[in-house]
Amino acid sequence: MIGKKFLTLTLATTVILSACGQSKESLEAFYKKVEKANQEEKVIVDLNEKMAKAEKEKVKKIEELNKAKDGEFKSKAQEITNDIKNREKIINDEKEAMDKSKKIYESSKNDYKAIEDEEQSKEAADLKKALDEKYKVHDKVIKGYKEVLNTEEKLFSYLSDDNATQEGANDRSKKLAEVNKKTEKVVTEYQNNLKKVQQEKKDVSAILNE
């Protein structure tokens, strides 16, 4: 009788351990695709460096514009206008990288839905929520940057026009300041969201490494 009791107990324990092992498979598959999606975003680090360099160059040229004499002013303004295309390409490249990331991430939804364990499901849901928000806010960031560039183009191309007036320049400059402020707010939101994603990834990773 004692042997039978131990046999039953051992069998039950084995089933429970097997169930725990199985419950991590879907979570692990989900997490691996999240990590694979993140790999597509690695290029954004280099793009950010390029953008920082381009922005620094823009600031330098604006300083030159402010010091320019009448004969040079229009050509300097046109030069800044022409350089906007370079930053447009950087932004488009970033959008392309994030679109590739999002496509891989969306392929993880079936793995996410297959998670049955309650604790695993909760942590995966928190990560999914943070990631959904990340892609959503990044779209806003891209839209904001494009609006900034479009507003810059309107200002500096206007300054290179023979018929430009101080009033017209002031109106366009004011609009640019407003757009910049709005975009900076979205960028801050995105940066905070990235911190949230990293924390949620750590929580899921901790479960997988138990």
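User: Is Asp132 buried, partly exposed or exposed, and what is its relative accessibility?

Analyst: In this predicted model, Asp132 lies in helix α5. Buried means under 20% relative accessible area and exposed means over 50%, with partly exposed in between. Asp132 therefore counts as partly exposed, at a relative accessibility of 32%.

User: What distance separates the C-alpha atoms of Asp132 and Tyr105?

Analyst: Asp132 and Tyr105 are 27 residues apart along the chain. Asp132 belongs to helix α5, and Tyr105 is one of the residues with the most contacts inside the largest nonpolar core. The separation of the two C-alpha atoms is 9.4 Å.

User: How many helices and how many strands are there in the chain?

Analyst: From the N terminus on, the elements run α-α-α-α-α-α. That order agrees with the totals, which are six helices and zero strands.

User: What share of the contacts with a separation of 6 or more comes from residues 24 or more positions apart?

Analyst: The chain has 210 residues, of which 33% count as buried. It exposes about 13,900 Å², and carbon and sulfur atoms supply 51% of that area. Among contacts with a separation of 6 or more, residues 24 or more positions apart account for 85%.

User: Over which residues does pLDDT stay under 50?

Analyst: The chain averages a pLDDT of 88, and 89% of the residues score at least 70. One stretch has zero contacts in the model beyond four places in sequence, and its pLDDT stays under 50. That stretch is residues 1-22.

User: Which side chain of opposite charge is nearest to Glu94?

Analyst: Glu94 is placed in helix α3, residues 70-106. Leaving aside neighbours within four places in sequence, Glu94 is in contact with Ile44, Leu47, Asn48, His138 and Ile142. Glu94 is buried and has no salt bridge. The nearest side chain of opposite charge is 10 Å away and belongs to Lys134.

User: How far from Glu123 is the nearest side chain of opposite charge?

Analyst: Glu123 lies in helix α5, residues 118-159. Its contacts beyond four places in sequence are Glu200, Asp203, Val204 and Ile207. A salt bridge needs a nitrogen and a carboxyl oxygen within 4 Å. Glu123 is buried without a salt bridge, and the nearest side chain of opposite charge, Lys122, is at 4.5 Å.

User: Which residue forms a salt bridge with Lys122 in helix α5?

Analyst: The partner and Lys122 both lie in helix α5, four residues apart, about one turn of the helix. The N to O distance of the bridge is 3.3 Å. With a relative accessible area of 25%, the partner counts as partly exposed. The partner is Asp126.

User: Which residue pairs with Lys33 in a salt bridge?

Analyst: Side chains of opposite charge can pair when their charged atoms come close. The closest N and O atoms of this pair are 2.8 Å apart. The pair links distant parts of the chain, with Lys33 in helix α1 (residues 2-39) and its partner in helix α4 (residues 109-113), 78 residues apart. Lys33 is partly exposed at 28% relative accessibility, while the partner is buried at 17% and is Asp111.

User: What is the N to O distance in the salt bridge of Lys58 and Glu55?

Analyst: Lys58 and Glu55 both lie in helix α2 (residues 43-67), three residues apart, about one turn of the helix. Lys58 is buried, with a relative accessible area of 16%, and Glu55 is partly exposed at 25%. This bridge has an N to O distance of 2.9 Å.

User: Which element gives the most residues to the largest nonpolar core?

Analyst: The largest nonpolar core has 24 residues, and those with the most contacts inside it include Leu27, Phe30, Leu127 and Leu131. Elements that give two or more residues to this core are α1, α3, α5 and α6 (166-208). The largest contribution is seven residues, from α5.

User: Which residues does Val141 touch, not counting residues up to four places away in sequence?

Analyst: Val141 is among the residues with the most contacts inside the largest nonpolar core. Beyond four places in sequence, Val141 touches Val186, Val187 and Tyr190.

How values were computed:
Residues numbered from 1 in each chain as written. Predicted model: local features only at pLDDT ≥ 70, side-chain atom pairs only at ≥ 80, totals over all residues. Heavy atoms only, no water. Buried < 20%, exposed > 50% of the residue type's maximum accessible area, 1.4 Å probe, protein only. Contact = heavy atoms within 4.5 Å. Areas by Shrake-Rupley, 256 points an atom, 1.4 Å probe, with all protein chains shown as cover. Lys, Arg positive; Asp, Glu negative; His and termini not counted. pLDDT = per-residue confidence, 0-100. Core = buried A, V, L, I, M, F, W, Y, C linked by side-chain atoms within 4.5 Å.
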